[in-house]
Amino acid sequence: MTHDIVVVGSGISGATIAQRYAQVLNKKVLVIEKRNHIGGNCYDFYNDAGILVSKYGAHLFHTNDECVWKYVHAFSSWRPYVHTVLSSVDGILVPIPVNITTVNLLFNLHIQTETEMQQWLATQVITIDHPANSEESALSRVGKALYEKLFKNYTIKQWNTSPSLLSASILDRIPVRTNFDPRYFSDKYQAMPLFGYTKIFEKMLSHPNITIKLNTDYFHIKDSLKNFEKLFFTGPIDLYFQKKSAKKLSYRSLRFEFETFDFPYYQVNSVINYPNDYKFTRIVEFKHMYGQKHPKTTISKEYPTWDGDPYYPVLSKENLSLYGFYKTQAALESKKGVYFVGRLANYKYFNMDQAFANALNLFYQLNPHLDKTKGLDYNKIQSKA
Ligand code: FDA
């Protein structure tokens, strides 16, 4: 097989690299994907009932990055959608992130202003100068009462361990609002693709220069790949270097349990968290976010697990030091034209916009003669694609 560019993985990272090399540089690109579909973890599809669902968990698009916002418009129209999350606590539903409404509902208070909320929070938080673990991070952000009602058990379910044993970084950015703002994300742009994410990937990869091989594990065919200029690897970095070290980076995963009902809506919001009851962490109802009208509805319950696809890197000292070793190896591979891009190759949780930005940045770094700002003009992309 001869191609100019080989891309392993067809998620955001792989599809962006493939699209750019095919369209901007007219390169012949081979995309290798071990799953039976493109789109990586953003993949969505119509289930047997005809409802659009995400196979790998809810995906809400949000960004402050103008380039990424421009780029994604080349491949889809977008529906404004401001995401909100509710948490089921003590039999009531309260907004997450914590805001004035959350506190009023949970503690039967009547806070009305930012100043009152700041004063209330000041009575709650525990001053810890350098939080040593996630429990201390949370206590210093929100105090004991909110921590125990909203975050403690959720984190235990999510990571299968006490927050006091987890790195401070996991809970050190719990957002707390001192106003009534109910939005989950505060980014400038928040939207959902009008026809789902998979359509975006179909369009990105539809360029005649791109060949896609599904159901193909790179490691099974790598010896047949010859004479390429560059290879971009978006899979798990530890697997790429498995001959150099048998040590594996660990990930937390999720098991999704889908259920379809013969009525239009199951719950009042797209996402409801269950920190203190049940084994699942949350229930997602897709119709709310995709805006689909349908007499039936599908939900997904999310059960954290150690088995399954790699989703959330476990940022322990051991894993970070092991990743440091792989990162050094990865830098050496670039001399052979092999580059590592995306969340699995960076052992880092990327939001979708960060994954787009990471791949676009690499493409423009490797091709500095190109002007990123002009190249991402979506009217131009659309007229060429
Ligand atoms: P991604 O994992 O998507 O793609 C990698 C691809 O490589 C996969 O298709 C895989 O099969 C393939 N591959 C791996 N090894 C291979 C091999 N050996 N041979 C061939 N192919 C191989 N972000 C956000 O902004 N808002 C949100 O709401 C969410 N929600 C969310 C929920 C859950 C449960 C998760 C896990 C993640 C999110 N995200 C998110 C993050 C989002 O999913 C993420 O940013 C992108 O999927 C990253 O795209 P990548 O291409 O880097 O990886």
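**Exercise 1. Find the residue of β2 that stands opposite Ile5.**

Step 1. Place the strands. Strand β1 covers residues 5-8 and strand β2 covers residues 29-32. Strands here are DSSP runs (E, at least two residues), and helices are runs of H or I with at least four residues, numbered from the N terminus.

Step 2. Read off the partner. Ile5 faces Val29 in β2. For Val6, the bridge partner in β2 is Leu30.

Step 3. Name the pairing. β1 and β2 run parallel over 4 bridges. Two strands pair if DSSP finds at least two bridges between them. Strands of a sheet pair through backbone hydrogen bonds, parallel or antiparallel.

A note on the source: this is a predicted model, where local features need pLDDT of at least 70, side-chain atom pairs count only at pLDDT 80 or more, and totals for chains, interfaces and linings use all residues. Residues are numbered from 1 along each chain as its sequence is written, and side-chain values use heavy atoms, without hydrogens and water.

**Exercise 2. Put β1 and β2 into their sheet and name its edge strands.**

Step 1. Write the order. The open sheet has 5 strands, β10-β2-β1-β11-β17, with parallel pairing.

Step 2. Find the edges. β10 (210-213) and β17 (338-340) each pair on one side only.

Step 3. Check the faces of β2. Val29 and Val31 on one side are buried, and so are Leu30 and Ile32 on the other. Buried means under 20% relative accessible area, exposed over 50%, partly exposed in between (1.4 Å probe, protein chains only).

**Exercise 3. Describe the contacts of the ligand with Ser13, Ala58 and Met352.**

Step 1. Start with Ser13. An N or O atom of its side chain is 2.7 Å from a ligand oxygen.

Step 2. Turn to the backbone. A polar backbone atom of Ala58 is 2.9 Å from a ligand nitrogen. For Met352, a polar backbone atom is 2.7 Å from a ligand oxygen.

Step 3. Add the cover. Alone, the ligand exposes 1,000 Å², and the protein buries 97% of that. These areas come from the Shrake-Rupley method with a 1.4 Å probe; for residues, only the protein chains shown count as cover.

**Exercise 4. Locate Asn215 and describe its backbone.**

Step 1. Asn215 lies in the loop between β10 and α8.

Step 2. Its phi is near 50 degrees, a positive value in a residue other than glycine. Most residues other than glycine have a negative phi.

Step 3. Asn215 is exposed, with a relative accessible area of 57%.

Note on methods. A polar contact is a pair of N or O atoms within 3.5 Å; within protein, one must be able to donate a hydrogen and the other to accept it, and residues adjacent in sequence count only if both atoms are side-chain atoms.
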